[in-house]
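Dear colleague,

Please find below the sequence and the structure that I am handing over to you. I would be grateful if you kept them open while reading the notes that come after.

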Amino acid sequence: MSTKEYKQLGCLDVQPSGGCGFQVRAETEGELMQLVATHAKQCHKLDSIPAEMVSAVKAAIKTVSVAV
Ligand SMILES: [Zn+2]
């Protein structure tokens with residue numbers, strides 16, 4: 001059995017008030033940011049993510065090891 005590292009982020013980690021229960025996991029930060037952008041657009045009506053939110057997202061990203 002081996003483990004693989006993923007970047008993980010929860011919407012509530014970025015927006016403790018106003019966020020939802022959405023959780024995302026991706027192999028790279030770039031991929032994660034794309035998934036976050038899609039979520040922000042679909043669920044929070046944000047056409048683009050403001051710069052300060054990008055910083056908040058990056059600060060909130062956790063690296064987790066998942067057994068594969
Ligand atoms: Zn959300």
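The following paragraphs describe what was found, from the overall layout to individual residues.

Please bear in mind throughout that this is a predicted model. The protein contains three helices and three strands, and from the N terminus on these elements follow the order β-α-β-α-α-β. Along its principal axes, the C-alpha trace spans about 40 × 20 × 20 Å. Of the 68 residues in the protein, 13% are buried. Among the contacts with a separation of 6 or more, 48% are between residues 24 or more positions apart.

The sheet

The three strands form an open sheet with the order S2-S1-S3 and antiparallel pairing. Strand S2 (23-26) and strand S3 (62-67) stand at the edges with a single partner strand each, so one side of each has no neighbour in the sheet. On average, neighbouring strands of this sheet are turned by 40 degrees against each other, direction ignored.

Strand S1 covers residues 3-10 and is joined to S3 by six bridges, the two strands running antiparallel. You may locate this pairing through Lys-4, which stands opposite Val-66 in S3, and through Tyr-6, whose bridge partner in S3 is Val-64. S1 and S2 also run antiparallel, and four bridges join them. Here Leu-9 has Val-24 in S2 as its bridge partner.

Helix H2

Helix H2 comprises residues 29-44 and lies across S1 and S2, running at about 150 degrees to S2. Does its length agree or disagree with what is expected at 1.5 Å a residue? The 16 residues of H2 should span 22 Å, and the end C-alpha atoms are 21 Å apart, which agrees.

Which residues of H2 are buried? They are Leu-32, Val-36 and Ala-40. These residues cover an arc of only 75 degrees around the axis, which places them on the same side of H2. The spacing has a general background: an α-helix has 3.6 residues a turn, so residues three or four places apart point the same way. On the other side of H2, Gly-30, Thr-38 and Gln-42 are exposed. The cover over the buried residues of H2 includes S1, S2 and helix H3 (51-60). Just after H2, Lys-45 takes a positive phi of about 55 degrees.

The nonpolar core

The largest nonpolar core has eight residues, namely Leu-9, Cys-11, Val-14, Val-24, Leu-32, Val-36, Ala-40 and Val-57. Helix H1 (11-14) and H2 are the elements that give two or more residues to this core. Which of the elements gives the most? It is H2, with three residues.

Two links between this core and the earlier sections may help you to find your way. Leu-9 and Val-24 belong to the core, and they are also bridge partners in the pairing of S1 with S2. Likewise, Leu-32, Val-36 and Ala-40 belong to the core, and they are the buried residues of H2 named above.

Val-14 is another core residue that merits a look in the viewer. Leaving aside residues up to four places away in sequence, Val-14 touches Gly-19, Met-53, Ala-56, Val-57 and Ala-60. Among these, Val-57 is itself part of the core.

With kind regards

Conventions:
Residues are numbered from 1 along each chain as its sequence is written. This is a predicted model: local features need pLDDT of at least 70, side-chain atom pairs count only at pLDDT 80 or more; totals for chains, interfaces and linings use all residues. A residue is buried if 20 or more other C-beta atoms lie within 10 Å of its own, exposed if 12 or fewer, and partly exposed in between; C-beta atoms are placed from the backbone. Two residues are in contact if their C-beta atoms, placed from the backbone, lie within 7 Å. Two strands pair if DSSP finds at least two bridges between them. Axes are lines fitted to C-alpha atoms, for helices over the stretch in contact, and angles run from 0 to 180 degrees between N-to-C directions. A nonpolar core is a set of buried Ala, Val, Leu, Ile, Met, Phe, Trp, Tyr and Cys residues joined through C-beta atoms within 7 Å. The expected span of a helix is 1.5 Å times one less than its number of residues. The arc is that of the directions from the helix axis to the C-beta atoms.
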